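This report examines one protein model together with the ligand placed in it. The reader is invited to keep the sequence and the structure in view while following the text.

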Amino acid sequence: MEKSKVLIIGATGRLGYHLAQFSLQFGHPTYILIRDSSLNDPNKAQKLNFLSTAGAIPLKGPLEDENSLTEAVKQVDVVICSIPSKQALDQKLLLKVIKELGVLRRLIEAEDIPYTCICCNLFMGYLLPSLAQPGLKAPPRDKVTIFGDGNAKAVFVKDVDVAACTINAIDDPRTLNKTLYLRPQGNVYSINELVAMWENKIGRELEKIHVPEEELLLKIKESSYPDNLEMIFIYSAFVKGDHTYFDIDECGVDGTKLYPHLKFTTVNEHLDTLV
Ligand SMILES: NC(=O)c1ccc[n+]([C@@H]2O[C@H](COP(=O)([O-])OP(=O)(O)OC[C@H]3O[C@@H](n4cnc5c(N)ncnc54)[C@H](OP(=O)(O)O)[C@@H]3O)[C@@H](O)[C@H]2O)c1
């Protein structure tokens with residue numbers, strides 16, 4: 001089967017870079033949309049250089065420019081947009097262009113834009129290194145704050161594993177118009193479990209400070225967005241259990257079951273690197 005042509009937006013980012021690499025590895029003709037400003041950043045320029053050498057076709061333009069978006073979307077069958085979630089609404093123009101062009105392969109069959117929504121939960125580089133402690137960059141070694149009762153379970157997946165799963169989903173009819181959930185067994189933990197695992201690794205018990213749900217909500221309300229983003233994610237994942245309170249129904253598919261050949265880095269393995 002001919003491989004779908006893929007456009008990656010955000011290829012200089014954490015997730016997007018891995019997406020572009022896997023897309024090339026899987027043999028998809030891969031286009032990347034880049035902003036001029038990326039070229040002035042040595043780190044990003046290096047990533048772009050690597051991707052171009054590996055065969056990615058660079059196209060110029062920001063998400064705000066309809067002409068460059070139209071030119072880019074015209075070339076491909078699949079668009080993967082990997083810009084930060086706080087910029088989610090910046091994708092409105094992209095959706096308009098996709099709809100107007102109608103070039104997506106399966107658009108002929110469906111009235112709406114065909115999609116796969118990847119529900120990858122938290123990246124391991126975010127909140128796990130601090131054991132969900134706002135403002136910390138490394139796990140605490142003396143005291144730790146437990147939000148709510150500490151029992152709601154969150155899911156952490158390494159960005160490179162999210163990218164591998166996403167690229168596997170292209171051209172896979174089982175994922176068409178579905179949400180693909182990533183919930184690998186070794187990646188689902190509550191704060192209480194994370195703290196116990198960490199204490200075991202460092203051979204010391206931490207002092208526990210308990211912050212009830214209402215107090216966390218108040219702190220979120222009293223600070224401004226995006227300064228309160230970490231607390232919002234902690235509230236959603238570790239207090240309300242938004243990653244795990246539901247079973248995956250027929251509108252969704254389980255990425256770990258669809259792609260059993262993929263190996264997911266576990267929370268335990270990641271915490272080992274932080275000891
Ligand atoms: N970070 C996490 O913990 C996390 C967890 C779960 C899911 N995710 C999801 O992963 C996705 C990507 O997040 P990330 O952390 O990989 O992002 P990131 O590292 O901040 O990268 C953002 C990318 O988007 C590009 N971009 C931003 N605004 C743009 C615009 N107006 N036009 C064109 N390109 C633009 C940037 O390009 P430039 O080089 O030009 O700036 C960069 O390549 C998001 O959907 C997010 O929700 C993230």
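The sections below treat the ligand, the two sheets, a further pair of strands, and some individual residues.

**The ligand and its surroundings**

The model is a predicted one. In it, the ligand is surrounded by 21 residues. The closest of these are Thr12, Leu15, Arg35, Ser38 and Gln87. By character, the shell around the ligand consists of nine nonpolar, eight polar and four charged residues.

Some polar contacts of the ligand are listed in the table.

| Residue | Protein side of the contact | Ligand atom | Distance |
|---|---|---|---|
| Gly10 | polar backbone atom | oxygen | 3.2 Å |
| Lys44 | N or O atom in the side chain | oxygen | 3.0 Å |
| Gln87 | polar side-chain atom | nitrogen | 2.8 Å |

How much of the ligand does the protein bury? Taken alone, the ligand exposes 910 Å², and 83% of that area is buried by the protein.

**The four-stranded sheet**

One open sheet is formed by four strands in the order E3-E2-E1-E4, and the pairing in it is parallel. Strand E3 (57–60) and strand E4 (78–81) stand at the edges; each has a single partner strand, so one side of each is left without a neighbour in the sheet. From one strand to the next, the twist averages 25 degrees.

The pairing of strand E1 with E4 may be followed residue by residue. Strand E1 comprises residues 6–9 and is joined to E4 by four bridges, the two strands running parallel. Within this pair, Ile9 stands opposite Cys81 in E4.

**The three-stranded sheet**

Another open sheet has three strands in the order E5-E9-E12, and here too the pairing is parallel. Strand E5 (116–119) and strand E12 (252–254) are its edge strands, each pairing on one side only. Direction ignored, neighbouring strands of this sheet are turned by 25 degrees against each other on average.

E5 pairs with strand E9 (residues 178–181) in the parallel sense, over four bridges. Which residue of E9 is the bridge partner of Thr116? That partner is Lys178.

**Strands E7 and E11**

Strand E7 (residues 143–147) and strand E11 (residues 207–211) run parallel and are joined by five bridges. In this pairing, Ile146 is opposite His210 of E11. Why is strand E7 described as largely enclosed by the rest of the structure? The description applies because four of its five residues are buried.

**Backbone geometry that departs from the usual**

Most residues other than glycine have a negative phi, and most peptide bonds are trans. The following residues depart from these tendencies.

Ala132 has a phi near 60 degrees, a positive value in a residue other than glycine. Ala132 belongs to the loop between strand E6 (122–123) and E7. Is Ala132 buried or exposed? Its relative accessibility is 0%, and therefore Ala132 counts as buried.

Asp171 likewise has a positive phi, near 65 degrees, and is a residue other than glycine. Its place is the loop between helix H6 (159–169) and E9. With a relative accessible area of 14%, Asp171 is buried, because the limit for this class is under 20%.

The peptide bond that joins Tyr225 and Pro226 is cis, with an omega of about 5 degrees. Pro226 is located in the loop between helix H8 (213–222) and helix H9 (229–239).

**Two further residues**

The loop between E6 and E7 also holds Ser130. Ser130 has a relative accessible area of 3% and is buried. Its side chain reaches the backbone oxygen of Leu127 at 3.2 Å.

Gln21 is situated in helix H1 (residues 14–25). The relative accessible area of Gln21 is 21%, so this residue is classed as partly exposed; the class covers values between the limit for buried, under 20%, and that for exposed, over 50%. How far apart are Gln21 and Gln91 in sequence and in space? They are separated by 70 residues in sequence and, from C-alpha to C-alpha, by 22 Å in space.

Note on methods:
Residues numbered from 1 in each chain as written. Predicted model: local features only at pLDDT ≥ 70, side-chain atom pairs only at ≥ 80, totals over all residues. Heavy atoms only, no water. Near = heavy atom within 4 Å. Polar contact = N/O pair within 3.5 Å; in protein donor to acceptor, adjacent residues only side chain to side chain. Areas by Shrake-Rupley, 256 points an atom, 1.4 Å probe, with all protein chains shown as cover. Nonpolar A, V, L, I, M, F, W, Y, C, P; charged D, E, K, R; others polar. Pairing = 2+ DSSP bridges. Axes fitted to C-alpha atoms, helices over the stretch in contact; angles between N-to-C directions. Buried < 20%, exposed > 50% of the residue type's maximum accessible area, 1.4 Å probe, protein only.
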